[in-house]
Amino acid sequence: MAAFVESGMFLKFGSKPRGKIRAVLWPVLVHRVLYPDIKRTSLNLLQRAVLGLIRAKTVRADDLASLTGLHLNLIKLILAQGVSNGWLVDNADELTPNGNKLLNDEDFDEANMKSGYLLQDALTGRFWPRFVVQLSQMEPIDQLARFPEFVEERKKGKKISPFMLAAKRTTLPELDHESLMLVYRDYREDYRASQQLGQSAHLPEQISLQGVQRLDASTQPARVLVWVSADEDGLGLWSVKDPFEFRGNAWWLQETLMQAIEDHPHLLAHLESLVSIPRIDNQSVEQWLEALHKQTELQVLIEYPWVERQPDIKRHLAALLVRREKLLQGDTSPQELDAALVESQKLLEVLMQWLIRAYPADVGLLPSQQRADYRLNQRILNALQIPALTVGVISLLARQKLDQVIRACSKPVSSLKALLFAAVMGTFNEPGHPFKVMGPAELQLEKLLDLADLRNQSSHAQSSFTGKEQTQLTERMALDSIQFALSFTAQFKEWM
């Protein structure tokens, strides 16, 4: 058992996030551990096709070449690579366990081990689902100051004045077998997503835990710099940023932060300016959060009462209203502008999902395609005789792969363009379908496709290396996207 004491060690792991944020020094205990270095090897498309066929018991090189359309020499090269990398057995007619894991997109641990550190929350005793190789320390301006300040930019002399979150003075749980296994599991899951803890008074110096080992029995008290912003999803008041930048938010700290805010009025004062809706004097956090929700709920009831019949659409519409309010109140950071596009597209995607469920398409009428067939897709869309499907809209939608559209008809989790294509397929033999009733001037599907393109452009890294003109989002573009998504959705209220 150990208790937190101030040691003057201050740690910083990630870069400072953009936007309106506040700094907090979070108390932790640092454990030194040995853990496997997660390795992920990716297969290219050709390797994946060949390994998949071998797993399906097609093993002759001639057959593999015939089925994949690849040259026989290329097939032999892929087989040799598979054997050399340990994905195939020596005669290349069967996958090894590692080959199966790789084809299933699983990570597998190699023998390489890393000596690193695990952090234990000094407020709750829970272990953070992160392993770090080294501790990056910050030096305070005044080593003796009760509330330390740090230099953010030496050239400008800008300072950071974090809030010192008080730690519990009671002893904290030891790092035992169950705790270490659970935290390593969470670490692995978050690691995958980014590429996409029990008591014993006497623990030995080193405990082998199926690849994860604790190296030292002693711990080091420290404080970690974490950043808090307003809740980007519009569902709460604040959000803790992931200090290690695996994910956007530190999900494991969210509940603890809310409890700490309830317990520390000074922390509430430190963070309340992040929220766009001002807090009334003597209003508790719960009351403030309720007021935020009530304001949005009231706005929904006044402007969009019909959406009450569709809870999923209502949830995304309410989040978009919060996003619009933030922009109108002056929060026009790049993150906020991009988030406005994301929320706009999410609302439109959910609307298309509703249309697909309300008016299901008969996918049996669609022809099978071995590869994308632009001309065939054009003929299909023209045959539906939908007024809003102008020549320009059909030209853009026809570029979608029909197999993706067919999947979206049964499992509508595809891109906005594929969802739109799947939704219009539901108009067959449905004269009362909204797309049959509304015309080009009402639906303006060209704008919907433009918004999808704008979102795609802004979501990718922009630089001069791409050879493409960079897309610079503006407040006007974000507000126009929000207004279009809201207006477009409102036109379907009579069918909901």
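**Briefing: burial, aromatic pairs and backbone in a predicted model**

Gln400 is buried, because its relative accessible area is 12% and the cut-off for buried is under 20%. The structure is a predicted model. It has 18 helices and 12 strands. Of the 496 residues in the protein, 46% are buried. The points below cover the surroundings of Gln400, the aromatic pairs, helix H1 and residues with positive phi.

**Gln400 and its surroundings**

- Gln400 sits in a loop, with helix H12 (391-397) on one side and helix H13 (402-410) on the other.
- Leaving aside residues up to four places away in sequence, the contacts of Gln400 are Asn377, Val405, Ser415, Lys417, Ala418 and Phe421.
- Among these contacts, Val405 falls within the residue range of helix H13, 402-410.

**Aromatic pairs**

- The structure contains 11 aromatic pairs.
- One of them is formed by Phe10 and Phe150, with 5.3 Å between the ring centres and 70 degrees between the planes. This pair is edge-to-face, because its angle of 70 degrees is over the cut-off of 60.
- Phe10 belongs to strand E1 (residues 10-11) and Phe150 to strand E6 (residues 150-153), so their pairing ties together parts that lie 140 residues apart in sequence.
- Phe10 and Phe150 are both buried.
- Phe492 and Trp495 make another pair, with ring centres 6.5 Å apart and planes at 55 degrees, so this pair is tilted. An angle of 55 degrees is neither under 30 nor over 60, which is why the pair is called neither stacked nor edge-to-face.
- The two partners are covered to unlike extents: Phe492 has 0% relative accessibility and counts as buried, whereas Trp495 has 24% and counts as partly exposed.
- Phe492 and Trp495 also belong to one aromatic cluster, together with Trp354, Phe435, Phe484 and Phe488.

**Helix H1**

- Helix H1 spans residues 45-55, and its buried residues are Gln47, Val50, Leu51 and Ile54.
- These buried residues take up an arc of only 95 degrees around the helix axis, which means that they are on the same side of H1.
- The packing partners of the buried H1 residues are helix H2 (61-68), H3 and H4.
- Lys57 follows H1 and has a positive phi, near 75 degrees.

**Residues with positive phi**

- Most residues other than glycine have a negative phi. Lys57, just described, has a positive one, and two further cases follow.
- Ala92 is not a glycine, yet its phi is positive, near 60 degrees.
- The position of Ala92 is in the loop between helix H3 (72-84) and helix H4 (97-103). Both H3 and H4 are among the helices that the buried residues of H1 pack against.
- Ala92 has a relative accessible area of 10%, so this loop residue counts as buried.
- Gln385 is also not a glycine, and its phi is positive at about 55 degrees.
- Gln385 is found in the loop that runs between helix H11 (374-383) and H12.
- Gln385 has 65% relative accessibility and therefore counts as exposed, while Ala92 is buried.

**Surface**

- The protein exposes about 25700 Å², and 49% of this area comes from carbon and sulfur atoms.

Terms used:
Residues are numbered from 1 along each chain as its sequence is written. This is a predicted model: local features need pLDDT of at least 70, side-chain atom pairs count only at pLDDT 80 or more; totals for chains, interfaces and linings use all residues. Side-chain values use heavy atoms; hydrogens and water are left out. Rings of Phe, Tyr and Trp (its six-membered ring) pair if their centres lie within 6.5 Å; planes under 30 degrees apart count as stacked, over 60 as edge-to-face and the rest as tilted. Helices (H or I, at least four residues) and strands (E, at least two) are DSSP runs, numbered from the N terminus. Buried means under 20% relative accessible area, exposed over 50%, partly exposed in between (1.4 Å probe, protein chains only). Contact means heavy atoms within 4.5 Å. The arc is that of the directions from the helix axis to the C-beta atoms. Accessible areas come from the Shrake-Rupley method with a 1.4 Å probe; for residues, only the protein chains shown count as cover.
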